[in-house]
Structures are given as structure tokens and as C-alpha cells.
Amino acid sequence: MDERKKSWVAIGSIWLVLLILAAIRPLSLPDEGRYGDVGRWMFMSGDWLIPKLNGIPFFHKPPLLYWLQAAVFHFTGVHVWTARLVVAGHALVMLVCLYLGVRQIRGENFARKVVLVLGCSVGFLIGGQFLNHDFLVATWMTVATGLFALAFQSQEKTNLFLARLGFVACGFGFLSKGLIGVALPGLVIFTWLLVTGQIRRLLDFPWCSGLLLFFGVALPWLVRVQSQFPDFLNYFIIEQHFARFKGTHFNNPQPWWFYLPVIAIFMFPWFFLVAWDLINRLKAGFNFENVRCIQIDRWTALPWIWFLVILLFFSIPQSKLVGYILPAIPPVALLVVDSWERITANTKASAIWFWSVCALSALTAVGANFLARYNSLKDASLDVAHVLHCNFYSGDRVYVAGDFPHDLSFESNLQQPILIVQDWAIARKTAVDDWRRIFFEGADFDPLAGQVLQEVQSLNTVQQDGQSWLVTPAGFQLQKTPHLWDVVYKGTSWWLWRSGYSLAVDLTGPSTVNAVLQTCQSPMMNRRDRRIGN
């Protein structure tokens, strides 16, 4: 087998492992439940313009993830694994494009090692199948940065074709997660050209045609939505971008150094090799007086600048989530291989050690995947959703109170919005950056859809001509309406209540629950026959 075939086999093997890991983990909450159901709702409703969560407009993120999910669901059906195929597909795009770009600059062997380091990492094998927007934007930022850099590969002439493709990639980056999809690749390349003395080459860039391509990809959706909702751009751009970046009232505040240990985990144990190599080089006299060396070897400078720009950018806001730093793992993989080549040059056991560390990294990722599976099952409503799906009948209503089970609609494949019971007047005054705010802000765009946000007294006025279901956290106590509702199933984290028909079966006993679940799994049972009490 020649060297190039070995590289493609490595890429295919890594992606196969990623797909297997994606199949053995339930939805992680709240992100995967939320984003999976937005895509399911788009597929189910046929409305590809307005992303909706539980039927309510959801403008926190752009629609590329949901568009692709809806397309996948059309061909494969709705399933947790198929929902993750969009993210996994982007992981493959990242791996292939990084390999092709690095091979162009550093050669086949170097590129294959980058593929193995990145593909076996915790950040790739977990983030590359985690259902949210982070890996999508990381992929398009990687593609855009690589295309822009390769456009300057020749010292004499800028490759205008690659530069224009970079603008297209920025457009898809914007549709993945907003402005960072274009701002960060531009900032990385600008800083790289400035540091390496190439800043004048920006004059040769195809700005007019490139920006037209970017706006051709990114602008149509914005214009269409803005024409329907006049306050959309203020909410999407100002509130969800600038206010979130500089604000102090958003969730998960963390110290400035938060992402250093996150990167160390994502690229374990390779990140420590880079740190050790850097410390040794500084001790040996690698300092700012040697900046001319960086200017000469611009391809060595690129991954450092790429990594540091992303790290510094995401370290500025107080609100920090783990997945935000995923765009930094491709340049770290480049730095790892660069350090490895320098440290192990002319070492006989280099290949054995390299494969051993790759195996350790991959095993760490597999362990993290099973840990994520265990943690997801503790909070999931999967058991309740299964019972509800098997006993739900057209015309039934589903309420939730006390909290919101983000995976319930997806796992039970509900075709109508859930009625969410809260004291919404108080929620509007006290809600922080949580699911309550998501719903009432979305309801402000579409008050008719917002009617699913019900007040507490609605539980006391359920209709008796049909069947109503209520899902609450385990141990939840109904204060005002206990006589209308009965607990029919106690799940691990959630309880299922019912009102309407008289109960003929008590689902709280383990043997009865098992019998019901076996009945649900029978393909011969139709929906009407599976109703509780029939």
C-alpha cells in the first residue's frame, strides 16, 4: 500500500470509529435535545425558513445545522444517530480538508500524522459527533483559514480561486454559528500576514468578488427572516452576538484561563508535548529577538497564530462553554506534529511511540464517550418518552411543569407542541440565560405560537373529553390540582402523569412497566391498541 492510500485508510478508519461512538450515546441535555428537535420540527413542519423549538421561533443560531438535519431526516427517518450525521459529516470534511492542505505544504507523512493526532483526540471524537453548532463552525473556520493561507502559498501571485473559495467557506461558517464564522478566519489570516511581513498582499485579494460570494451565501436567509420579523436583526446580531460577547448576565461565567485546561483535555496527552517543547525552546534561547526566523518560516508561524488568536478571542467573554474552543484543535494538531518531528528526529522507536500515544488518546476519547452516556442517562426523559410514545393517541395533550425535558419531543416523536406550564409573569422578571428565556423571547416574535406557554391554572382546567399527559421532574408535587392528575409512570429522572380517562393499569410497578415496554416494541400493535387501560 502506498503512502497516500495509508492516509485515506486512516481517515476512513477514524470516521468509522466516530460513527460508532455516535450510535451508543443518548442525547446529552440540554444542547442535543434542543438542537435535535429544532431540526426534527423543521423536517416535520416543512418550514425551512424559521427555526422553531417546540413550535416557537428560535433565533439563537443560524439554520445550517437544521437545514442539513431536515434533509437527512427526509432520507433516513428521525433518530438520534441520524441527527448526529450532520456533525459527523462536518468532522469528515475537517479531517479531509486539513489533510489535503497540510499535504500541499508539509508533505504526505506530516499530513498523515496530523490526521492521526487530530482524529484520535478527545476533542475530535467527542465534539465531532456532539449535536450542536460548535463543530460545524469549527469545520468551516478551518476550511476558510486553510484556503486563505493556501491562496498565499506562492510568493509571487495570489491564488484568487482559493481565496474566493475561502469567502464561500466563511459564508457557510456564518450560517453555522454567526459572525465568528467569518470574523475569526479573517483575524487569523490578517495577524499571520502582519507578523510574517506579508500584509501588502491583501491588496491582491479578490475583495469585491469574494464579498459578493460571501453575501450570496449568508445574506438571503437574513433578508427573508428580517422581512417577516422586523426585530430579528437586532435580536440575532446585537443580542446574540455582541451582547453575549461582552455581557456579564449570560450563563456559565468562567475565569480567563478556562480554555487552557479544556484544550489540554481535548488534545490529551499531546498538548503537554507542545508545552514541554515550547518551554525547552524558550530555555534554549527561542525569544522575540529571533522573530526573523518566524518571518522566514511562515508555515511554522501559522498554527501558532491560528491557535493563539482563537484562544485569546474566546477567553475575553465571561461566558465560556467547552465547545467554543473546538476551532483551536486543528492548529494544535499541527503544533503537535511539528514538535514531535523535532523532538524524535532520528529516533528509532519514534513510530512505536507515536502510535502508542495515538492509541492512548483514542482510548481516552472512548472512555469520555461512555462517561457522557452515563451522565446523559441520569437526566434524560428517555424512559418516560418511550412510555408516552407507546400510549399516546392523536388528540392527546402533553404538558410539562417544574422543568423542561429537552429530549422528550424528539424521543417520543410528538407531532404537536408541548404545553409548558410556568408562572410566566415571574419568569419574565427573574429568568436568567435559561430555557425559560428562550421560550418567552421566541414567543415575542410569534404570539400565536407562544400560546403553548401556559399558566399554572391551566392544569386545573384540563378537558375531560380526551386524554392529557403531564411530565414533571421526579418527586414533583402538584400543589393546586392533585385530584385531576395521577402518576402513571415513575422514571429515573421524570414522572409521567395522566388526566382524563380512568386508570385501568398502574404503571408504577416494575413488572407492569416491563410488560408495557414489551408491548410497545411489538410491530403488530397499532397506536390505538397500545393505549393505557385498553
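Is Asp338 buried or exposed? Keep that in mind while you look around; we'll get there at the last stop. What you have open is a predicted model.

**Whole chain.** Start with everything shown as a cartoon. You should find 22 helices and eight strands. Switch to a surface view and you're looking at about 24100 Å² of accessible area, with carbon and sulfur atoms supplying 63% of it. Of the 534 residues, 53% are buried. Contacts reach a long way along the sequence, too: take those between residues at least 6 apart, and 74% of them join residues at least 24 apart.

**Salt bridges.** Now bring up the charged side chains. The whole structure holds 17 salt bridges, and we'll visit a few.

Select Arg112 and Glu3. Their closest N and O atoms sit 2.6 Å apart, making a salt bridge. This one ties together distant parts of the chain, with Arg112 in helix α5 (residues 108-119) and Glu3 in helix α1 (residues 3-23), 109 residues apart. Arg112 is buried at 15% relative accessible area, while Glu3 is partly exposed at 33%.

Next, pick Lys52 and Asp47. Here the N to O distance in the salt bridge is 3.5 Å, and Asp47 is partly exposed, at 23%.

**Last stop.** Go to helix α16 (residues 329-343), where Asp338 and Arg342 lie four residues apart, about one turn of the helix. They form a salt bridge, 3.2 Å between the closest N and O atoms. And the opening question? Asp338 is buried, with 12% relative accessibility; its partner Arg342 is partly exposed, at 36%. Add Arg106 and Asp277 to your selection, and you have a network of salt bridges linking these two residues with Asp338 and Arg342.

Notes: Residues numbered from 1 in each chain as written. Predicted model: local features only at pLDDT ≥ 70, side-chain atom pairs only at ≥ 80, totals over all residues. Heavy atoms only, no water. Helix = DSSP H or I, 4+ residues; strand = E, 2+ residues; numbered from the N terminus. Buried < 20%, exposed > 50% of the residue type's maximum accessible area, 1.4 Å probe, protein only. Contact = heavy atoms within 4.5 Å. Areas by Shrake-Rupley, 256 points an atom, 1.4 Å probe, with all protein chains shown as cover. Salt bridge = Lys/Arg side-chain N within 4 Å of Asp/Glu carboxyl O.
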